Structures are given as structure tokens and as C-alpha cells.
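Here are a few exercises to work through with the model open beside you. Take your time with each one before reading the solution.

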Amino acid sequence: MSTDGSLALRDPRYDAVRRATYVALDVPTWLQAEALVERFGAAVDGYKVGLELYFGDGPAALSGLRRLGKRVFLDVKLHDIPNTVAGALAAIARYGVEMVNVHASGGPAMLTAAREALDAAAAESDGPRPLLVAVTVLTSLGAADLERLGWGRGASDAQALVARWAALAASCGLDGVVASALEVAQLRRQSPPGFEIVVPGTRPSGAPRHDQVRSLTPGEAMAAGATRLVLGRAVTRAKDPLLALERIWEEMESVAPPAASGMPKDDG
Ligand code: C5P
């Protein structure tokens, strides 16, 4: 008998999509985050810690999630000179996170230093190296913003920049990129096999879109070649979060193409 209400979600047929999921803990305290984590119980083993929780209560949250045996995507989008980013990543590596990210626009020296810092930390601790993924062009930037930044004039320039920066990230030894659902198919085509494409901001069909105007459903994103999804308000703000997640996993599980995407496979 399930004590945490998540029995249906613990069905082994969801194991592959479970490993491809991070539920976003977009709250400012570990107390609030822990309540969400407890609600999902053993069914959810991956969580995203973003800037709000990191700056609100980071050490407690990261230690707490580690104690509970959860996988963590630390979404802090680092962007600084190579030496500073390397130092930050060496410190972050001590929390045993599964994945962390930096801005591709930090440039090749920063990306390479980031990868090397995580390699060194892993060698020192004898533990696994956290995956390192790059944010390309923030999806919040519109055509006018790109122009003011001197980054291009429209959607096709933005797309070209995403492609260019994703290729740069791969060439600097990064494991993947964070991308909007609409960029996934193009990135899958251009990227090496196994390159991670992490997608936030999807919306199940019929669910409130919040501020995500142009997005795909979680299943569509997986079908296009996403390897991992960050699920936020569509789950955490649903009337019944467990049921909302089960519907999403059902859809993801029915369309996921593990061979094409490099999605973590079930050995068993
Ligand atoms: O919109 P939603 O609540 O699903 O977002 C989930 C998480 O993904 C949030 O933490 C949000 O900051 C992040 N996100 C992102 N880039 C987007 C959309 C959402 O990093 N384009």
C-alpha cells in the first residue's frame, strides 16, 4: 500500500521518463520545496533547483535533496570569467548534483574551463562528473531585444545563433544544451548522438499556458528529440499534481524515441 499517494506513478513502465524528468522547485525556501518533494514521494527522483531556491535557501535545499537521494539539475546559468566560473563549479560539485548549466555566450574559454573544473572535481572526489549543459539564447528575448543586443534582427538570426552556440558548446566538451521545445528538432539534427537537449516550459494540451506562449506538449518535445524535460507549473500548480504528472508521463512514455534522443535507457 502506498503511503505517499504516488503508487500509480511508481509503475516501472514510467522508469525511463522518470529519469528524463526534473520537477521545478520554484519556491524560495527548502521548507516549501520539501513539502512538494514529500508529496511526490518515491515517484519523482529528479528536481530542478533554480535561482529562486538557490539564493533563497540553496545549501539547505541541495543538502536536503541529496539526503533524500534525489537527482538535481542546478539551473544557475553561470556567466563570468573562466576562473570564476571554474571556482563556482568546483564548489557546486561538492553537492553531488547530476547536472548544472552555464551560458554559452560566456565563450569558448569559459566553457572549456567549466568542463575542466568539473572533470577535476570528479577526479578528486572519485564520484561521477555532473553533466554540464549550456543555455543558448534565452527564450525571453524577442526580435527587438536581439537587435538592441547586436545579436541579430529576427527569428532566423536567433535560430542561427542557437545552432552556432550549441555547436560551440559541443566542441568545448559540454554534454548538451537547454533549449526551447521549438528548437529541439533542429538541435537534434545537428548534434552528436547522446548530446543532451534539456527542455523547460512545455505545456500539456489543454493545460493553462501561463507565460509560455509558444510551446509544445511534453510528448511532442520528446518526440522531437528532447532527452530531459523540466516540468514546472503544469505539475506543481495543478489541482492534483500527482495526476497531472501521471498524464504527462503517459504522453511522454507513448512517444519517446530513446534510440534517437540518447535518452537514459532502462537496462533491465
Ligand atoms: O513554465 P514552467 O513553470 O513550466 O517552467 C518550468 C521551469 O523552467 C521554471 O523554473 C522556469 O524558470 C524554467 N524555464 C526556462 N526557460 C523557459 C521556460 C521555463 O528556463 N523558456
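**Exercise 1.** Find how far an oxygen atom of the ligand is from an N or O atom in the side chain of R203, then look for further polar contacts to the ligand.

*Solution.* In this predicted model, start at R203: an N or O atom of its side chain is 2.7 Å from a ligand oxygen atom. Next, go to K48, where a polar side-chain atom lies 2.5 Å from an oxygen atom of the ligand. Then check G232, which uses a backbone N or O atom, 3.4 Å from a ligand oxygen. Finally, step back to the surroundings: 12 residues are around the ligand, and D26, K48, T139, R203 and R233 come nearest.

**Exercise 2.** Decide which term describes helix 4 relative to helix 5: roughly parallel or oblique.

*Solution.* First, take the geometry: the axes of helix 4 (residues 82-93) and helix 5 (residues 108-125) come within 8 Å and cross at roughly 30°. Angles under 35 degrees count as roughly parallel, so helix 4 is roughly parallel to helix 5. The crossing is right-handed. Now inspect the contact: P82, V85, A86, L89 and A93 of helix 4 meet residues of helix 5 including M110, A114 and L118. By class, this contact has 12 nonpolar residues, with no polar and no charged ones.

**Exercise 3.** Describe how helix 2 and helix 3 pack, starting from the angle.

*Solution.* Helix 2 (residues 30-40) and helix 3 (residues 51-67) pack at about 40°, with axes 9 Å apart. The two helices are therefore oblique to each other. Their crossing is right-handed. Among the contacting residues are W30 and E34 of helix 2 and D57 and R67 of helix 3. Sorted by class, the contact has 8 nonpolar, 1 polar and 3 charged residues.

Conventions
Residues are numbered from 1 along each chain as its sequence is written. This is a predicted model: local features need pLDDT of at least 70, side-chain atom pairs count only at pLDDT 80 or more; totals for chains, interfaces and linings use all residues. Side-chain values use heavy atoms; hydrogens and water are left out. Axes are lines fitted to C-alpha atoms, for helices over the stretch in contact, and angles run from 0 to 180 degrees between N-to-C directions. Helices (H or I, at least four residues) and strands (E, at least two) are DSSP runs, numbered from the N terminus. Angles under 35 degrees count as roughly parallel, over 145 as roughly antiparallel, 65 to 115 as roughly perpendicular and the rest as oblique. A crossing is left-handed if the near helix is turned anticlockwise from the far one by less than a right angle, and right-handed if clockwise. Contact means heavy atoms within 4.5 Å. Ala, Val, Leu, Ile, Met, Phe, Trp, Tyr, Cys and Pro count as nonpolar, Asp, Glu, Lys and Arg as charged, and the others, Gly among them, as polar. A residue is near a molecule or strand if one of its heavy atoms lies within 4 Å of it. A polar contact is a pair of N or O atoms within 3.5 Å; within protein, one must be able to donate a hydrogen and the other to accept it, and residues adjacent in sequence count only if both atoms are side-chain atoms.
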